[in-house]
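Colleague: I should like to examine this model with you, and to hear the reasoning behind the terms used for it. Please show it before we begin.

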Amino acid sequence: MSYSNNKLLIDKIEVDRVAKQFGTPAYCYSYEKLKDNILKFQNDFRKFKPLICFAVKANNNIKILNEISKLGLGADVVSKGELVVALKSKINPKKIVFSGVGKTYDEIDFAIKKKILLINIESQSEIETILKIAKKNNKTIDIGIRLNPNVDAKTIKQITTGKKINKFGLTEKEVIGLIKNYKNSKYLNIKCLSVHIGSQITSHLPYLKMLRAVQKVIDRSNFHFDYIDLGGGMGIDYKNNNKLLNYKKYSEQINKFVIKNKVKIIFEPGRSIVGNTGFLIAKIIYIKKTSRINFIIIDAGMNDLIRPALYKAYHKIIPTKKNKKKILKIHEFVGPVCETTDKFLSVKSYQKLHEGDNVVICDVGAYGKVLSSNYNLRINASEVLIKKSKVFRIDKKEGLRKFI
Ligand SMILES: *Cc1c(COP(=O)(O)O)cnc(C)c1O
């Protein structure tokens, strides 16, 4: 992303041109960034060559998943729908893990038929469901057990998952109990211990605590797991303040752990793979000036991107045409939806803007389009991919059809 002659470019393509051709609001993704992120992730952990299972819930666009698949990644899915789309995008089933606290009989049955790598179970009841299916088909099912390590990820509370008060996983004691009960089962093959403590984590310290909790389970159960699935959660730099976790320290600790325990590592990153690959292009419909605030009313709403309303998430907003005229007044970027929380950003000053100009909301590749809705009966934003200096439309052009 850069400016040339004051015009914003993404991978050398002029953003205003994309807006004109595909309309606004539009989610625009950069293939270059996606590839960079994946290569960087692989490189950061190259010493122990993990299996990287992209968390499909962060972005389930089938074309994006297909690119991710071609770059060698597997998938972490949390529903039958995600599994179907992941398989359709040509992700190898032997690189797919299935997570989630509420997998139904039908979902588990389907996943078993598709011969995926692992089902990561989160409760005793889920084991019983798997046993039923295994017995019916006279099969042995490979499973992982999700540990709740009771570690505070030090991220915002709505996206913390690894504390005792969260619904996810099983306690150390429960995990050890399950291993004891099922390690000789004819129908279950306990292959993996999994953890995932939360999202947008920007320090390696909670991860090191998590790793110690995993080591404790291994030691106390005296059981060998083929895989240790360390989940995802790596944060990205939304605010451009370089507050990021120390991959080197995290990687070094894991490498020691791998040598000691002779295990293969699985990761389930979502945000860190796709977060900064996505841009939401929106047009300024009106500028409404009040005594204190300039409301910049854009044609993207909370239905298109709910993170600011849901988590008070910060996304920077940049103009597609840069100028040097700075207006010293509060600028509040809002959408057209009839809700007060339909608000993206408030800043103390901004460059001069005009109705009809376009702006870009940054870092929306993860938990952007997937969390969108048709609230206020607004049709979904289109999605485009920039790859090798070409722009492709990659959404399903649904329009109003599903309502009429
Ligand atoms: C959401 C989730 C992930 C991905 O989290 P990110 O913060 O996007 O990396 C991975 N594993 C599980 C089990 C999840 O629920």
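Modeller: Let us start with β8, helix α6 (residues 124-137) and β9, which form a right-handed β-α-β unit. The model is a predicted one, in which local features require pLDDT of at least 70 and side-chain atom pairs pLDDT 80 or more, while totals for chains, interfaces and linings use all residues. Residues are numbered from 1 along each chain as its sequence is written, and side-chain values use heavy atoms, with hydrogens and water left out.

Colleague: What makes the unit of β8, α6 and β9 right-handed?

Modeller: The term applies if, with the strands pointing away from the viewer, the path from the first strand over the helix to the second runs clockwise. The unit of β8, α6 and β9 is right-handed, therefore its path from β8 over α6 to β9 runs clockwise in that view. The helices and strands themselves are DSSP runs numbered from the N terminus (helices: H or I, at least four residues; strands: E, at least two).

Colleague: How do you know that strand β8 (residues 118-121) and β9 pair?

Modeller: Pairing requires that DSSP find at least two bridges between two strands. Strands β8 and β9 have three bridges, so they pair, and they do so in the parallel sense. Within this pair, Ile119 is opposite Ile143 in β9.

Colleague: Which strand do six bridges join to β9?

Modeller: That strand is β10 (residues 188-194), which runs parallel to β9. Leu188 in β10 is the bridge partner of Ile141. Helix α7 (residues 172-182) joins β9 and β10 in a right-handed β-α-β unit.

Colleague: Why is strand β9 (residues 141-146) called mostly covered?

Modeller: Buried means under 20% relative accessible area, exposed over 50%, and partly exposed in between (1.4 Å probe, protein chains only). Five of the six residues of β9 are buried, so the strand is described as mostly covered.

Colleague: What shows that both faces of strand β6 (residues 74-77) are covered?

Modeller: In a regular strand the side chains alternate between the two faces of the sheet. In β6, Gly74 and Asp76 lie on one side, Ala75 and Val77 on the other, and all are buried.

Colleague: Which strands pair with β6?

Modeller: Strand β5 (residues 51-55) pairs with β6 in the parallel sense over three bridges, and strand β7 (residues 96-98) likewise pairs with β6 in the parallel sense over three bridges. Ala75 is the bridge partner of Phe54, and Ala75 also has Ile96 in β7 as a bridge partner. From β6 the chain passes through helix α4 (residues 80-88) to β7, in a right-handed β-α-β crossover. A right-handed unit is also made by β5, helix α3 (residues 62-70) and β6.

Colleague: Why do β1 (2-4) and β3 (13-14) stand at the edges?

Modeller: The open sheet has three strands in the order β1-β2-β3, with antiparallel pairing. Strands β1 and β3 each have a single partner strand, so one side of each lacks a neighbour in the sheet. Strand β2 (residues 7-10) is joined to β3 by two bridges, and Leu9 stands opposite Glu14 in β3.

Colleague: Why does Lys90 count as exposed, and Leu377 as partly exposed?

Modeller: Lys90 has 64% relative accessibility, so it falls on the exposed side. Leu377 has 45%, so it counts as partly exposed. Lys90 belongs to the loop between α4 and β7 and, though not a glycine, has a positive phi of about 75 degrees. Leu377, in the loop between β20 (358-361) and β21 (382-387), has a positive phi near 45 degrees.

Colleague: What makes the contacts of Ser199, Gly233 and Glu268 with the ligand polar ones?

Modeller: A polar contact is a pair of N or O atoms within 3.5 Å. A polar side-chain atom of Ser199 lies 2.3 Å from a ligand oxygen atom, a backbone N or O atom of Gly233 lies 2.8 Å from a ligand oxygen atom, and a polar side-chain atom of Glu268 lies 2.5 Å from a ligand nitrogen atom. Each distance is within the limit, therefore each pair qualifies. The ligand taken alone exposes 390 Å², of which the protein buries 93% (Shrake-Rupley method, 1.4 Å probe).

Terms used:
A polar contact is a pair of N or O atoms within 3.5 Å; within protein, one must be able to donate a hydrogen and the other to accept it, and residues adjacent in sequence count only if both atoms are side-chain atoms.
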